[in-house]
Amino acid sequence: MVVVGAGIAGLACARELVDAGVPARVIERDGQAGGRLASDWIGGRWVDTGAAYLTADDPAFLGRLQSWRIAGLARPWTDTFRGQHGPPALRWAAPGGLRSLAADLARGLEITLGTEVTSLPDADAVVLAMPGPQALRIADLPAAREQIWTPVVTAILEYPERTWPDFGGAFVNDHPVLATICDDGDRRGDRAPVLVAHSTAAFARASAPAGEALVHAVAEALGLTAAPQVTIKHWPYAQPRPGHGGFARSGTTYLCGDAFGRPRVQTAWLSGRAAARAILGKPGIQSTER
């Protein structure tokens, strides 16, 4: 079996296959596993630059989070964001950065990094664990054509010191530039003076969006005057329109990821696991486990 994409969907898929005794190879074009479960080494520490946090309402994924918690890899963070609507939702974070959770899933898997896949590999089954627009570069899948994704620009802001009151995170509602702010020092638990801001899709769609606009928006929202060191990341496929079905299949090719449900890390994990379980139930595919 070949899984293309080493984000959490692809890793969950490969993990399920391998744990069932079915060999699976993962191919990833980036130089490291994790996808949007991303943490970058900035200013001498890991900063979460992709997904902001994890939430769980599925028993299986909650069990996965509890296992990470026992291992010291994840911790409950906060159930309150400024500007949030609806009931509180417990958000989980990772002391070592969210990518550390992907690294845990990847442990013991056969993963080839830094390799671009441009056509379907020759295998009994191929799982494309990626956004639909990226999957279409490999195979013309109807389910991939149906997906709609929006971009996000992320700004990592390193300040000389913490000058803001503790707040965890905030939804900035109805702002033309700024969508969310996370206190990465609070999220990671080390109280580093680092904020991570995520833009609106409209701002990210603009041609060559400038990071200065995000910096100004954060300063205005929190009343900050100090000038931060700024790192900018662009995510062209950050937010999918919510879909359904768990995963998609076309012959022996499978498509999975967080577009198959609400756009959450939990959805990606469940989608990858569901694709693997479908493969395991196919006639003619035998487990090597005895």
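**Exercise 1. Determine which residue follows helix α8 and what sign its phi has.**

Solution. Helix α8 is followed by G223, and the phi of this residue is positive, near 70°. The helix itself spans residues 211-222, where helices (H or I, at least four residues) and strands (E, at least two) are DSSP runs numbered from the N terminus. The model is a predicted one, in which local features need pLDDT of at least 70 and side-chain atom pairs count only at pLDDT 80 or more, while totals for chains, interfaces and linings use all residues. Residues are numbered from 1 along each chain as its sequence is written, and side-chain values use heavy atoms, with hydrogens and water left out.

**Exercise 2. Compare the reach of α8 with the expected value, and find which of its residues are buried and what covers them.**

Solution. Begin with the length: α8 has 12 residues and reaches 17 Å from its first C-alpha to its last, close to the 16 Å expected at 1.5 Å a residue, the expected span being 1.5 Å times one less than the number of residues. Next, take the buried residues (under 20% relative accessible area, with exposed over 50% and partly exposed in between, for a 1.4 Å probe and protein chains only); in α8 these are G211, L214, V215, A217, V218, A219 and L222. Their cover includes β9, β11, β12, α7 (201-205) and β13. Finally, α8 lies across β9, β11 (178-183), β12 and β13, and runs at about 70° to β11; axes are lines fitted to C-alpha atoms, for helices over the stretch in contact, and angles run from 0 to 180 degrees between N-to-C directions.

**Exercise 3. Work out the strand order of the open sheet that contains β9, and explain why β9 is largely enclosed.**

Solution. The order of this sheet of 5 strands is β10-β11-β12-β9-β13, with antiparallel pairing, two strands being paired if DSSP finds at least two bridges between them. At the edges stand β10 (169-171) and β13, each with a single partner strand, so one side of each has no neighbour in the sheet. Neighbouring strands are turned by 20° against each other on average, direction ignored.

Now consider the two partners of β9 in turn. With strand β13 (residues 229-240), β9 pairs in the antiparallel sense over 9 bridges, and V153 has H234 as its bridge partner in β13. With strand β12 (residues 194-199), β9 shares 5 bridges, again antiparallel; in β12, A197 is the bridge partner of A155, and V194 that of E158. Because 9 of the 10 residues of β9 (residues 149-158) are buried, this strand is largely enclosed by the rest of the structure.

**Exercise 4. Describe the sheet that contains β14 and β15, and then the placement of α9.**

Solution. This open sheet has 6 strands in the order β7-β2-β1-β8-β15-β14, and its pairing is mixed. Its edge strands, β7 (110-112) and β14 (248-250), each pair on one side only. Strand β14 is joined to β15 (residues 253-256) by 3 bridges in the antiparallel sense, with Y254 in β15 as the bridge partner of R249. Helix α9 lies across β8 (126-129) and β15, running at about 160° to β15.

For the packing of α9 on another helix, note that the axes of α2 (residues 59-70) and α9 (residues 265-280) come within 10 Å and cross at roughly 105°. The two helices are therefore roughly perpendicular, a term for angles of 65 to 115 degrees. In contact (heavy atoms within 4.5 Å) are A60, F61 and R64 of α2 with V265, Q266, W269 and R273 of α9.

Key:
Parallel < 35°, antiparallel > 145°, perpendicular 65-115°, else oblique.
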